[in-house]
Amino acid sequence: KSGTPTMGGVLIIAATGAWSYYQTNRQKMAEAANARFEAAVALANEGKAQDAAAAFDALAKDGPKGYATLARIRAAELREDRARALQELEAIAEDKNVDKLNQEVALLRAALIIIESGDRQKMERALGPMMTSNGAFRFSAQEWNGLDALANDDFEEAERDFNILLSDRDAPQSMRQRAAAYQGL
């Protein structure tokens with residue numbers, strides 16, 4: 001009975017078909033989410049912040065996990081109510097369901113809002129963990145903290161931050177050059 005399919009063969013064919021369907025469906029969902037994300041970006045670039053935020057909010061609710069997180073960050077950035085924007089970004093940074101890299105992106109975006117507010121202590125709390133870690137954005141956090149210290153006439157802290165950047169060989173060369181220029185200020 002060599003021509004009769006075995007149960008194992010049938011299961012392998014069925015599993016292969018199911019996996020192929022799953023992958024195709026997942027790809028289509030990602031492409032659709034990407035199109036929605038790009039459309040929302042276009043709205044933001046056209047100066048239609050409220051429409052863009054609404055589009056990002058919708059994607060955050062029903063999009064695939066990665067797109068949903070990025071949409072949450074972008075929607076928060078577009079809020080006219082800066083206190084609400086900061087609250088949303090901090091919530092993303094603390095969300096255990098969000099990957100570490102996107103948590104740090106949310107923290108950096110929150111830091112931009114904090115810089116606008118001039119709250120030096122809040123800025124140090126937001127960026128502190130990122131400056132001492134080996135995270136992807138540690139150099140940006142160090143630079144922003146130094147700039148915030150400089151803007152608030154905390155010259156000792158600014159010099160400390162810029163010296164750390166200057167002495168770290170892993171810091172990007174352009175950032176080290178800026179740190180040297182900031183020290184001159």
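This briefing covers the nonpolar cores, one buried threonine and the largest pocket of the structure. The model is predicted, so local features need pLDDT of at least 70 and side-chain atom pairs count only at pLDDT 80 or more, while totals for chains, interfaces and linings use all residues. Residues are numbered from 1 along each chain as its sequence is written, and side-chain values use heavy atoms, with hydrogens and water left out.

**Cores**
- The largest nonpolar core (buried Ala, Val, Leu, Ile, Met, Phe, Trp, Tyr and Cys residues joined through side-chain atoms within 4.5 Å) has 21 residues.
- Ile 73, Leu 89, Ile 92, Ala 106 and Leu 127 have the most contacts inside this core.
- Two or more residues each come from α3 (65-77), α4 (82-94), α5 (100-117) and α6 (120-132); helices are DSSP runs of H or I with at least four residues, numbered from the N terminus.
- α5 gives the most, with seven residues.
- A second, separate core has ten residues, including Ala 149, Leu 150, Ala 158 and Tyr 182.

**Residue contacts**
- Beyond four places in sequence, Ile 92 is in contact (heavy atoms within 4.5 Å) with Arg 72, Ile 73, Val 98, Asn 102, Gln 103 and Ala 106.
- Thr 69, in helix α3, is buried at 6% relative accessible area; buried means under 20% with a 1.4 Å probe, protein chains only.
- Thr 69 touches Val 98 and Asn 102, leaving out residues up to four places away in sequence.

**Largest pocket**
- Among the residues lining the largest pocket, α4, α5 and α6 each supply at least two.

Notes:
Buried means under 20% relative accessible area, exposed over 50%, partly exposed in between (1.4 Å probe, protein chains only).
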